[in-house]
Amino acid sequence: MSTFEDFNLPKQLNNAVNELGFDKPTPIQEKAYSVILSGKDMVGIAQTGTGKTLAYLIPILRDLKFADQINPRILILVPTRELVLQMVENIESLTKYMNIRALGVYGGTNINTQKKAVAQGTDILVATPGRLYDLAVTGVLQLKGIKKLVIDEVDVMLDLGFRPQITNIFDLLKERRQNIMFSATMTEEVDVLIDDFFTIPAKISIAVSGTPLENIEQKSYQVKNFYTKINLLSHLLTDRDEFSKVLVFISTKKNADKLFEDLEEDYGHEACIIHSNKSQNYRIRSINQFDKGTNRILIATDVMARGLDLEKITHVINFDTPGYPENYMHRIGRTGRAEQKGKTILFFTEKEAESKSAIERLMSLEIPVLEFPEDVQRSSELLPEERPVIGDVKNSHRNVKVEDRGPAFHEKKLENTKTNQGGSYLRKAKKYKKPQKRGDKRQNLKSKKR
Ligand code: AMP
C-alpha cells in the first residue's frame with residue numbers, strides 16, 4: 001500500500017494534494033500513476049467514487065511544466081456540462097500553487113464567449129465533445145498541440161451517441177499523443193473505440209461492488225439461446241411472492257427492446273424498461289413505477305442502470321453474461337444492499353460459459369448451476385447473432401456486424417428504430433446536434449407508424 005509521498009510529487013503539487021486531506025491513494029490512483037507517467041495508452045475501468053479523477057490528474061499535472069503558449073496541451077473530454085465544471089474545479093484545487101491554466105467549454109451556452117476564452121490560451125482544456133468540435137472547426141481552437149487526451153465516462157458518452165464527434169476530434173489531433181480513457185462499464189462500443197484509436201493500451205481495472213459477496217446468493221442456469229432465456233425468465237417470474245422486485249440486466253438496447261416486447265404478453269403491465277434511446281420522461285416514469293412497486297420488473301442496460309438508486313431489489317437477473325467481469329460485479333451490487341440478503345441469477349449460453357469462468361476467477365467463487373426446469377420450453381429460434389457464422393471467432397457480437405447482414409437483420413434493425421422512443425439519456429444531451437437529429441428521426445418514424 002503506497003502513500004502520496006511515494007509518488008514523489010513536486011513540492012507545489014504535493015502541497016495541494018496534502019491539502020485535500022486524503023490519507024492515501026485509492027487503488028485506481030495507485031495503479032494508474034506509473035502507467036500514465038510511462039506515457040503508454042491506458043484504459044481504466046472504474047466507477048465514479050473510486051477516485052479516478054485524481055488518478056489521472058495527479059500524474060498529468062506532475063509532468064506539466066509552465067509554458068505560455070496559446071494552444072492547449074492536455075484535452076479532457078467528459079459527457080456533461082456538470083462534469084466539465086467539476087473537473088475544472090478539481091484542476092484548480094490541485095494547481096493552486098502552480099502556474100497552470102485550465103478552461104472548461106461545453107454546449108448550450110454562447111460560443112462566442114468561449115471563443116474569446118480559448119483565444120486567451122490555456123494549458124488544459126476540459127470539454128464536452130460537441131462544443132469542442134464546434135470550437136475546433138471555427139479555427140479559434142488548435143488541437144495540434146495536444147500531448148495527452150483523456151476521455152472520461154466514455155461508456156456514457158458513447159451511449160449518448162457521441163461516437164461521431166469523438167471520431168471527428170481524433171482526426172484533428174496529432175497522432176503522437178498519449179490516450180487515457182476511463183469507463184465504468186465496458187461495452188462493445190467502448191471496445192471498438194479502443195481498438196480503433198488506441199495503441200496496445202495498458203488496462204487497469206477496479207472491480208467494485210457496494211455489497212460484500214457473502215450478502216448475495218448467486219445462482220445460474222445454462223440456457224440454449226435468447227428465446228429459451230425468455231421462456232425461462234417468464235417461468236421464474238410466475239412466482240410473484242419470491243420475485244417481487246426484479247432488475248433484469250441485458251447488454252444491448254436492441255435486445256432489451258426485444259425482451260420487453262416478448263415479456264409484454266405475459267407481464268406487460270408488470271414490466272418496464274430503461275435505456276438511452278428512451279425519452280427522458282419515459283425513463284423517469286419507468287423508474288418511478290419500479291421504485292413504487294407498480295411495476296415489479298425493470299429491464300435495463302448496464303450503462304443506463306448505473307446511476308440509479310434503487311432499494312430492496314429482490315433479484316438481479318443477468319439475462320446475458322457480461323464479457324467483462326467488472327460489469328457483473330456492478331450488476332449484482334444492485335441487490336443485497338443495507339444488510340439484506342440479495343439474490344442474483346445468471347443465464348449463460350454455451351458461448352458465454354467462458355465469460356462466466358472469467359467472472360468466477362475474479363470473485364474466486366464458483367456460481368452454482370441449477371438444473372434447467374423441465375417444464376420450460378426450449379426454443380430453437382435463433383437471433384441473427386446466434387446463428388453460426390463462417391469464420392466464427394471469439395467475439396460473437398462483432399461477427400454480427402461484419403457477416404450477418406442478411407435481410408432478417410436489416411428488417412429487425414428497422415423495426416427497432418421504430419420502437420425506440422427518441423430523446424436521449426440526459427436532457428443535457430439535447431444541446432448537441434447529432435443526437436438531437438437522431439432522436440428527431442426516431443420520433444418521426446414513431447409518429448408515422450401511428
Ligand atoms: P471520483 O471517483 O474521481 O469521482 O472521486 C470520488 C470522490 O473521492 C471525490 O469526492 C474525491 O474527492 C474523493 N477522493 C479522491 N481521491 C481520494 C483518496 N485518495 N482518498 C479518499 N477520497 C478520495
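What share of the contacts in the protein chain with a separation of 6 or more comes from residues 24 or more positions apart? The figure is 75%. Keep that in mind while browsing these close-ups, which all come from a predicted model.

**View 1. The whole chain before zooming in.** The protein chain has 450 residues, and 53% of them are buried. Its secondary structure comes to 18 helices and 14 strands. About 21,000 Å² of the chain is exposed, with carbon and sulfur atoms supplying 49% of that area. Salt bridges number 19 in the structure, and a few of them get their own views below.

**View 2. The ligand and the residues around it.** Here we look at the shell of 13 residues that surrounds the ligand. Lys 24, Gln 29, Gly 49, Gly 51 and Thr 53 are the closest of them. Sorted by class, the shell holds seven polar, four nonpolar and two charged residues. Which helix gives the most to this shell? That would be α3, spanning residues 52-63, with three residues.

**View 3. Backbone atoms that meet the ligand.** Zooming in on the protein backbone, start with Lys 24: one of its backbone N or O atoms sits 2.8 Å from a ligand nitrogen. Thr 50 also brings in a backbone N or O atom, this one 3.1 Å from an oxygen atom of the ligand. At Lys 52, a polar backbone atom is 3.3 Å from a ligand oxygen. As for cover, the ligand taken alone would expose 500 Å², and the protein buries 66% of that.

**View 4. Helix α3, wrapped up by its surroundings.** The helix that gives the most to the ligand shell is itself largely enclosed by the rest of the structure, because 10 of its 12 residues are buried. The buried set starts with Lys 52, Thr 53, Leu 54, Ala 55 and Tyr 56, and it also includes Leu 57, Ile 58, Pro 59, Ile 60 and Leu 61. Two names here should ring a bell: Thr 53 is among the closest residues to the ligand, and Lys 52 has a polar backbone atom 3.3 Å from a ligand oxygen.

**View 5. Ser 34 and Pro 59, brought together from two places in sequence.** Ser 34 belongs to helix α2, residues 27-38. Is Ser 34 buried or partly exposed? Its relative accessible area is 47%, so it counts as partly exposed. Pro 59, on the other hand, is one of the buried residues of α3. The two are 25 residues apart along the chain, with 7.9 Å between their C-alpha atoms.

**View 6. Phe 372 tucked into a loop.** This phenylalanine is found in the loop that runs between β14 (369-370) and α16 (396-403). It has a relative accessible area of 14%, so it counts as buried. What does Phe 372 contact, leaving aside its neighbours within four places in sequence? The partners are Tyr 221, Gln 222, Val 223, Thr 228, Leu 232 and Arg 378. Take Gln 222: along the chain it is 150 residues from Phe 372, yet their C-alpha atoms are separated by 7.1 Å.

**View 7. Two salt bridges that involve helix α11.** In the first, the side chains of Glu 385 and Lys 254 meet with an N to O distance of 3.9 Å. Glu 385 is in the loop between β14 and α16, while Lys 254 is in helix α11 (residues 253-267), so this pair, 131 residues apart, links distant parts of the chain. Glu 385 is buried at 14% relative accessibility, whereas Lys 254 is partly exposed at 23%. In the second, Lys 278 pairs with Asp 257, and their closest N and O atoms are 3.4 Å apart. Asp 257 is in helix α11, and Lys 278 is in the loop between β10 (271-274) and α12 (280-292), 21 residues away. Both of these residues, Lys 278 and Asp 257, are buried.

**View 8. A salt bridge within helix α15.** Glu 360 and Lys 356 join through their side chains in a salt bridge, 2.9 Å from N to O. Why are they separated by about one helical turn? Because they are four residues apart in helix α15, which covers residues 353-363. An α-helix has 3.6 residues a turn, so residues three or four places apart point the same way. Glu 360 is buried, with a relative accessible area of 13%, and Lys 356 is also buried, at 8%. Elsewhere, Lys 52, Asp 152 and Glu 153 are joined into one network by salt bridges that share partners.

Terms used: Residues numbered from 1 in each chain as written. Predicted model: local features only at pLDDT ≥ 70, side-chain atom pairs only at ≥ 80, totals over all residues. Heavy atoms only, no water. Near = heavy atom within 4 Å. Polar contact = N/O pair within 3.5 Å; in protein donor to acceptor, adjacent residues only side chain to side chain. Areas by Shrake-Rupley, 256 points an atom, 1.4 Å probe, with all protein chains shown as cover. Nonpolar A, V, L, I, M, F, W, Y, C, P; charged D, E, K, R; others polar. Buried < 20%, exposed > 50% of the residue type's maximum accessible area, 1.4 Å probe, protein only. Contact = heavy atoms within 4.5 Å. Salt bridge = Lys/Arg side-chain N within 4 Å of Asp/Glu carboxyl O.
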